[in-house]
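Take a walk through this protein chain, one piece at a time. Keep the sequence and the 3D view side by side as you read.

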Amino acid sequence: MSDLLKKWAELADVKAELASRDWFLGTSGNLSIKVADQPLTFFVTASGKDKRKQTNDDFLLVDALGNPAEPTHLKPSAETLLHVEIYNKTNAGCVLHVHTIDNNVVSELYGDDGEVIFTGQEMIKAFGLWEEDAVFRIPIIRNHAHIPTLAAEFSKHLSADSGAVLIRNHGITVWGRSSFEAKKFLEACEFLFSYHVKLLMLKGHKVFTS
Ligand SMILES: CSCCC(=O)C(=O)COP(=O)(O)O
Ligand SMILES: [Zn+2]
């Protein structure tokens, strides 16, 4: 099997697993996997498709600017520029973006703070933070409709080869050196969001003054 087909299959496996969690509601979500560095090329999900379905048109190859790298009838994800930023500024190998109700709720709960902070959770070790009382911070940025503006804002938080950024009332974008690491990070983030929302609900927290 060619390297290209191996990368396609690797991303398709991740996509199928995230789809099984129903994380692609309403055609939301986009995924990518790096194919080559020099020049940068990567597979990205085609825009507007139902990502729960598995078809031969799920992904298309794009270049370092996010434009199709070969003739295609498919349109790259509307958020391809975020993937471009990540691959151009880090050594990430895979980028995953999903909209879940929990990640949207957490992004609104803490949107005004510009970040959400987690500590005292065993799951934080998934991010390689094993020290006592480790703290894991996820930046929260405004959901600019103008994608180049969103990408520029997002780019300010690209300092490592793996990480996560919440886009307020939109979703989360996670990246890692491999699809394994990116998926591990995404699953750990969604665990923390779900735990936090449930705990607030069970405690009957009045989280909004208005
Ligand atoms: C109803 S989803 C709106 C677009 C979006 O935020 C998304 O994640 C999916 O867009 P794409 O172009 O990648 O299908
Ligand atoms: Zn989105």
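Leu-18 sits in helix H1. The model is a predicted one. Is Leu-18 buried or exposed? Its relative accessible area is 0%. The cut-off for buried is under 20%, so Leu-18 counts as buried. Which residues does Leu-18 touch, once those up to four places away in sequence are set aside? They are Trp-23, Phe-24, Leu-31, Leu-96, Val-98, Lys-183 and Leu-186. Now find Asn-103, which is 85 residues from Leu-18 along the chain. The C-alpha atoms of the two are separated by 15 Å.

Stay with the helix. H1 covers residues 3-20, and Lys-15 has its place there too. Lys-15 has 4% relative accessibility, so this lysine is buried. Which residues is Lys-15 in contact with, leaving aside neighbours within four places in sequence? Among them are Phe-24, Leu-31, Thr-45 and Phe-59. Lys-51, Lys-53, Gln-54 and Asp-58 are also in contact with Lys-15. Phe-24 and Leu-31 appear in the contacts of Leu-18 and in those of Lys-15.

Next comes the sheet. It is open and has eight strands. In what order do they lie? The order is S3-S2-S1-S4-S8-S7-S6-S5, and the pairing is mixed. Strand S3 (59-62) and strand S5 (115-119) are the edge strands, each pairing on one side only. On average, neighbouring strands are turned by 20° against each other, with direction ignored. H1 packs on this sheet. The helix touches S1, strand S2 (41-45), S3 and S4. The direction of H1 makes about 160° with that of S1.

Now follow the strand pairs. Strand S1 (residues 30-36) and strand S4 (residues 94-98) run antiparallel, joined by four bridges. Ser-32 has Val-95 in S4 as its bridge partner. S4 also pairs with S8, again in the antiparallel sense, over five bridges. Here His-97 has Thr-173 in S8 as its bridge partner. On S8, Thr-173 also stands opposite Val-165. Strand S7 (residues 163-167) runs antiparallel to S8, and five bridges join them. S7 and S8 form a hairpin, with three residues between the two strands. In the turn, Asn-169 has a positive phi of about 50°.

Pause at strand S8, which spans residues 171-176. How many of its six residues are buried? Six are. Both faces of S8 are covered. Gly-171, Thr-173 and Trp-175 are buried on one side. Ile-172, Val-174 and Gly-176 are buried on the other.

Finish with two helices. Helix H3 (residues 101-109) packs against helix H5 (residues 179-203). Their axes are 9 Å apart, and the angle is about 70°. Angles of 65 to 115 degrees count as roughly perpendicular, so H3 is roughly perpendicular to H5. The crossing is left-handed. Which residues make the contact? From H3 come Asp-102, Asn-103, Val-105, Val-106 and Leu-109. From H5 come Glu-190, Phe-193, Ser-194, His-196, Val-197 and Leu-200. By class, the contact has six nonpolar, three polar and two charged residues.

Notes: Residues are numbered from 1 along each chain as its sequence is written. Chains are lettered from A and ligands numbered from 1 in the order in which they are written. This is a predicted model: local features need pLDDT of at least 70, side-chain atom pairs count only at pLDDT 80 or more; totals for chains, interfaces and linings use all residues. Side-chain values use heavy atoms; hydrogens and water are left out. Buried means under 20% relative accessible area, exposed over 50%, partly exposed in between (1.4 Å probe, protein chains only). Contact means heavy atoms within 4.5 Å. Two strands pair if DSSP finds at least two bridges between them. Axes are lines fitted to C-alpha atoms, for helices over the stretch in contact, and angles run from 0 to 180 degrees between N-to-C directions. Angles under 35 degrees count as roughly parallel, over 145 as roughly antiparallel, 65 to 115 as roughly perpendicular and the rest as oblique. A crossing is left-handed if the near helix is turned anticlockwise from the far one by less than a right angle, and right-handed if clockwise. Ala, Val, Leu, Ile, Met, Phe, Trp, Tyr, Cys and Pro count as nonpolar, Asp, Glu, Lys and Arg as charged, and the others, Gly among them, as polar.
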